[in-house]
Amino acid sequence: MSTPLIEVQHVSKYFGHVIALNDISMSVSAGEVMCLLGDNGAGKSTLIKILSGVHQPSEGHYLVEGKEVHFTSPRHALSAGIATVYQDLAMIPLMSISRNFFLGAEPTKGWGPLRRFNVAYADRVTREELAKMGIHVRDTAQPVGTLSGGERQSVAIARAVYFGAKVLILDEPTAALGVKEAGIVLRYIAQARARGLGVIFITHNPHHAYPIGDRFTLLNRGRSYGTFTKAEVSREEIVEMMAGGEELETLSHELAEFARTDSQLAEVARELEQEAQELQHGTQQSEKEGSL
Amino acid sequence: MSTPLIEVQHVSKYFGHVIALNDISMSVSAGEVMCLLGDNGAGKSTLIKILSGVHQPSEGHYLVEGKEVHFTSPRHALSAGIATVYQDLAMIPLMSISRNFFLGAEPTKGWGPLRRFNVAYADRVTREELAKMGIHVRDTAQPVGTLSGGERQSVAIARAVYFGAKVLILDEPTAALGVKEAGIVLRYIAQARARGLGVIFITHNPHHAYPIGDRFTLLNRGRSYGTFTKAEVSREEIVEMMAGGEELETLSHELAEFARTDSQLAEVARELEQEAQELQHGTQQSEKEGSL
Amino acid sequence: ACGGQANNGTTSSSNTTQSSSSGNTARSNLRFVVVTHGQASDPFWSVVKKGVDQAGKDMGVKVEYQSPDKFDMTAMSHLIDAAVASKPDGLVVSIPDANALGPSIQKAVAAGIPVISINSGSDVAKKLGILVHVGQTEYEAGYGGGERMGQAGVKHALCINQEVGNAGLDARCKGFSDAMQKAGAKVDVLAVNLADPNESQQRIQAKLTSTPDVDGLMALGPTGATPALAALRSMNKVGQIKLATFDLSPEVLQAIKKGDILFAIDQQQYLQGYLPIVLLTLYRTNLNTIANPVLMTGPGFVTKDNAEQVINLAQQGTR
Amino acid sequence: MSITTTGPQGTGKDERVTKVNPLRSLLVRPEMGAIAGSIAVWIFFAIVAGNSGFLTLSGTATYLSVSAELGILAVAVALLMIGGEFDLSIGSMIGATSMIITILSAQFGWNIWASILVAVVFALAIGFLNGYLVLRTGLPSFIVTLGSLYIIRGVTIGVTRALTGRTQVGGLDLAPGYDSAHAIFASPITIGGASFPIEIVWWLVIAALATWVLLRTSFGNWIFGVGGDVQAARNVGVPVKRVKITLFMMTALAACLLAAIQAITFTGSDVLRGQDNEFLTIIAVVVGGTLLTGGYGSAIGSVFGALIFGMVRQGIVFAGVDADWYQAFLGVMLLLAVLLNSYVRKYALEVRR
Amino acid sequence: MSITTTGPQGTGKDERVTKVNPLRSLLVRPEMGAIAGSIAVWIFFAIVAGNSGFLTLSGTATYLSVSAELGILAVAVALLMIGGEFDLSIGSMIGATSMIITILSAQFGWNIWASILVAVVFALAIGFLNGYLVLRTGLPSFIVTLGSLYIIRGVTIGVTRALTGRTQVGGLDLAPGYDSAHAIFASPITIGGASFPIEIVWWLVIAALATWVLLRTSFGNWIFGVGGDVQAARNVGVPVKRVKITLFMMTALAACLLAAIQAITFTGSDVLRGQDNEFLTIIAVVVGGTLLTGGYGSAIGSVFGALIFGMVRQGIVFAGVDADWYQAFLGVMLLLAVLLNSYVRKYALEVRR
Ligand SMILES: Nc1ncnc2c1ncn2[C@@H]1O[C@H](COP(=O)(O)OP(=O)(O)OP(=O)(O)O)[C@@H](O)[C@H]1O
Ligand SMILES: Nc1ncnc2c1ncn2[C@@H]1O[C@H](COP(=O)(O)OP(=O)(O)OP(=O)(O)O)[C@@H](O)[C@H]1O
Ligand SMILES: [Mg+2]
Ligand SMILES: [Mg+2]
């Protein structure tokens, strides 16, 4: 087996008396999508913040391409080719979209003392990259703070995808996204994998996790329950994992209890079936067409 | 038809030269779940901020139980029984969970000058309400800013549900939630409807929207495409609406294109089918059992 | 008075020629600007300003009083610049820092504006082309105070300074300690807070507790004298530790009368405000000048003997 | 594949927290840094200046007195700063209200209690105006109250000189009602031969009251809310305007109380009185653990912040530091106190098992 | 049911924006309020004091000179404040560096350029230290630099007195290199009979440079980033420490430049020089449209903020306002300027079709 792109061994993280992570090991290799699953508060965001250099692990080792590293700031991780979409997005509300997009990696033109921020280029790239995600901004000079939740998240994703060189880390990137935009993000992930990047993908949506993930690491209350390849687990098991290991059935009962008519829930079932068929249909079509 | 609980007529909202909403009309009645659908940046959050008194409409009328109102602050809306979960949650990061929970509506004990914040009661209620949502906090004195994204969202929802008297407005409440917690929120919505509240529910997840919604209002780029009852629209039409009126098929194609094996996507389809069956199975079970 | 002109040498005769055109201006058209380093809120300068205003009324001329809001000579030089640009009929300045203010004053002189200096700057007045200096140097006043306190038998005194670094106050302190040293006594400087009498009092008490051999206090103004007196009273050391101060206030005079304060050094700063306006008016209307380069207004000493006489005047803010 | 499900543990022990020394967890409170700082400063001066009177009762009285005057302001300002605002006008408010009391009673012969009432009304009105302007215009309170700082000071100087011809006015001890006012605002309490001014009692009573309000009332909760995130607080229904305006009014009131104490103690007033107090107060509050950005802090902390300040200021005198070096020394002590403060807090938060 | 699909409109016109008067949309820039304020203040004094010399060239020179001295600081402080930090030590830095230049050259006979070099190194070192302490300890810069304000001022007084026995030192005009230094830092430029000090040129050059840095370089983008949200900026890889420390050093350097200009113009120095400049500068910067909380503002704005200040300051003299009322007047003008400023900005943002 080749060396993983990034790997953590027996990592723990404490905040004061809070144990956020306890003895976690995991890794991502090139051309692989690793899904990080777990209930709310399981420690997923904390783990990826360690990977991206925001936090330093309280215990344990962190290896990039087999060599131990001690990132003391996200800048180090970025320069090692690790780009991250944080759950809180890491945006400057008062700054314009295009300045946010390129913050920390500004394109320049000219040379010597005349080297300057290439504003026109930054605006163009930002507009293009966002358009690719289906977001059409009115004005790239609009402050990010006035964007809608989904628009803001799209900017963060577009930025990470644009700058990610080796590893792409996405912390619930599709949470605020519409159906269409979420689909585009999934496509991005697949594209990145095809280009040989390692991707770490956190989501609470099983419809997003299962189709795209190659391996699944399950966190629960700060501990790891192990890593499983797609071959090892079934869809239901994944959903179970995402719920923190609890049976979903209880849940469906409760939901059903409050449904006012049987016909209504029957419909839910029907529509899910339809969705499945539709997706299958799409696959067959694409096979025929060959390309977009 | 009875007077709706809340209603807006021909409402528009401008920010500087940005037109966020353009001539929107909609209403919610008691015992009804109104789903607000639309692509990212369609204006959903802006609309609910008008309903909850955060913004004042630039044009148009706002009626509560048939009478025109001019809320100048969210406090007015709250005292009219309208509780809201904002997309950005409206939490004070440095404050403890229980203080956040009761902020603006503190329980007191004692009387006269000795009337004081009932800390023990606040702690107990907070812990209980969160436990009902499946969130078990370590310590209700923990600052909200250190909670995970989903934990934080759960606190906001629990608070709104606890205080909502007439209308409950939820702006993407399940975005950061795990599978289990999201299910609980759906149950909450159904419960609220059963108690005769009007609910406005915003989500990008069709699996959440369709089963629970009674009526669907579709926004697109700041305009309304009308309101439809469940009887009027099919599941696909809803998904289409959520994507801002675009065909989803194109999307599936693209996704499929990047899937590396056919078997993989076939699996996606299979698992969706399974999910549908599972939900149906749950319904039948609950019918048999009668209650939880 | 006209005879004085001849004795005054080149400076004043050149002034005369420049301003002869305005020799017979009506008084009501005259406008004089006073720029000093003392804020209107400072009790010492408050009396100066009172003199300025009164002289303006008495002479029937327009007067304007300006000062920087902190002891900052660059700010003061800008005020003089502005005053010069507004083309007044005469300018009164204090010169605590000749380096900083000299160029601006020279600009005024060059523009043909008659300038009189007050309070500080007697040593440079002539060089800058100023008509006359009214006042007394702070150093001399301090020196006089030191001599008196030495005579009273004080061996270890504190100089209570409410604004360490302020050149005028430092000069008072320096003069005081030079004279005391000559008399064989020791002087420490104690910084107090001019805006907080309680803190000042507590600080004086702390100092007196930690250095018990102190037997004399010299306050550089009523702002320091009031808390010093309160400190002595609260420690029951009134009379035992000799207290003296610069400048007058009704409270200080009451205390002198009672014998709680030994003496107050009085520069008669009212004159420093009043006289220049009179002199400028006469210069403008009658071309009168003064023969002496410096008009001394002090130091005068107010003691138990003469306190009674000035107490009402101090109440009115003119002493 | 096997998954061991861990059920939710309602109220029992939680495996996700480490055991922690209760003493250490105490250190997380905002005021603990300032308490530690106070002890350190006291020990420092006890060693350096112990034999020159710092340790005596009367030495203690001098620094407590300085601390009390700063502390009365600091407690009110702490609440205001937790609520996310500044008030730079308190310094000139002291000068203005003490001048109101002095002029009305010493010049015009009013009963002192009537003058105090007028001063209180004046202070509340200005406090209201400050708050109203800040909320109405959305301008930072730093700027708005800087404006009122200048205006109040300027008007005080102008009016005082117009009415009395001077900048220092005395003779308050001859006004009617002086004795009763003196008993309440300025009478010393003698303990073991040293006289402790009664303002120390005022200070502690106000601090206790503020702590009660902050931690045990709805209003206190709102203060934290508006300071932590004003938009979020408004969205959950906190009456933001009412809270902030009340805080501004309380701050002005504290300045008025201090002005009354000083005017009556020194039987007079000076237009410059209180100058720069605004910054000293902010320092004391921040040293006391309150965040400059609002939303976090404590009233008790400001008590210890003021105590540190008083000890340093007076301790320097006891230690016999030369006047020229006074400010340098003050700066160093200040920095050390804040450093210790932040170190204590970090240590408390980074506890390991 | 029918849904009309609206395709995405890439670069064409967007139906979601109203047409807007280009002039109005200009008003959104942070500095526009200050520009409008400058014009208003100028008109006010032109009317009130037009015939007493405010409108003359030499009158203009005096307020430009005041504005320039404040402005040199304000430009640097604007960048620092956009970067989310304060520096209260600049006031005492002016006193310290001008004293270094004066003592080394006037007392010890050094060539003036050598003394300036020492002062520059000193300023950069203190700036570095300020920044390092702020970032290392996580304490608010307001507090840290307040500490250095006291320390620097205290040490300046102490050392100056120890070396020279005085607090004012003069005689710089006799030092070697004075003429060349005078030509660069203090030579006046005569236009139409009025002499404009060269510091005005320095001011404008620095402002132009700062604007270039802020709007057209990566570093400028980082300044906005660290000021807007330091955590987010760090997370996307901005070298937060480097940016902030550089800003502190630049601010100290600006203070040193002003000190050199003043020392050479006035051929000497005073330990109290620069006192209170820190607050005047902050006012100028905020009046210039920079947010007190960081992340938003402009260098040009601070130019107009300083201009307003200079005009008010000197205009009061021309208008013959009595010194008693000076501060009240200053406060009112300040408030009016900020109010106008915020009104202009609101108006610009609330444009209707
Ligand atoms: N700075 C901190 N101080 C104290 N506790 C913290 C801190 N950061 C995180 N935690 C705690 O650590 C746990 C893990 O948080 P984390 O954000 O990693 O969860 P998550 O798996 O990302 O959850 P979600 O799916 O809801 O985003 C949470 O219970 C949280 O309360
Ligand atoms: N204060 C503001 N100033 C300028 N534009 C704004 C402001 N608030 C919102 N907008 C714009 O209005 C549009 C609608 O935003 P809104 O937040 O209502 O969208 P949304 O439907 O909630 O989207 P999402 O699903 O992504 O949350 C967005 O394009 C946004 O950029
Ligand atoms: Mg998370
Ligand atoms: Mg939204």
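Here is a short chat about a helix pair in chain D and the site around ligand 2.

User: What should I know about the model before we start?
Analyst: Happy to help! This is a predicted model, where local features need pLDDT of at least 70, side-chain atom pairs count only at pLDDT 80 or more, and totals for chains, interfaces and linings use all residues. Residues are numbered from 1 along each chain as its sequence is written, and side-chain values use heavy atoms, with hydrogens and water left out.

User: Why is helix 3 of chain D called roughly perpendicular to helix 12 of chain D?
Analyst: Helix 3 (residues 57-82) and helix 12 (residues 277-287) of chain D pack at about 70°, with axes 9 Å apart. Angles of 65 to 115 degrees count as roughly perpendicular, so helix 3 of chain D is roughly perpendicular to helix 12 of chain D.

User: What makes up their contact, by class?
Analyst: The contact of helix 3 with helix 12 of chain D has 11 nonpolar, two polar and no charged residues. Ala, Val, Leu, Ile, Met, Phe, Trp, Tyr, Cys and Pro count as nonpolar, Asp, Glu, Lys and Arg as charged, and the others, Gly among them, as polar.

User: How do you know that the site of ligand 2 is shared between chains?
Analyst: Residues from chains A and B surround ligand 2, so the site is shared.

User: What makes Ser148(A) and ligand 2 a polar contact?
Analyst: A polar contact is a pair of N or O atoms within 3.5 Å. An N or O atom in the side chain of Ser148(A) is 2.7 Å from an oxygen atom of ligand 2, so the pair qualifies. For Gly43(B), a polar backbone atom is 2.8 Å from a ligand 2 oxygen atom.

Conventions
Chains lettered and ligands numbered in written order. Axes fitted to C-alpha atoms, helices over the stretch in contact; angles between N-to-C directions. Helix = DSSP H or I, 4+ residues; strand = E, 2+ residues; numbered from the N terminus. Parallel < 35°, antiparallel > 145°, perpendicular 65-115°, else oblique. Near = heavy atom within 4 Å. Polar contact = N/O pair within 3.5 Å; in protein donor to acceptor, adjacent residues only side chain to side chain.
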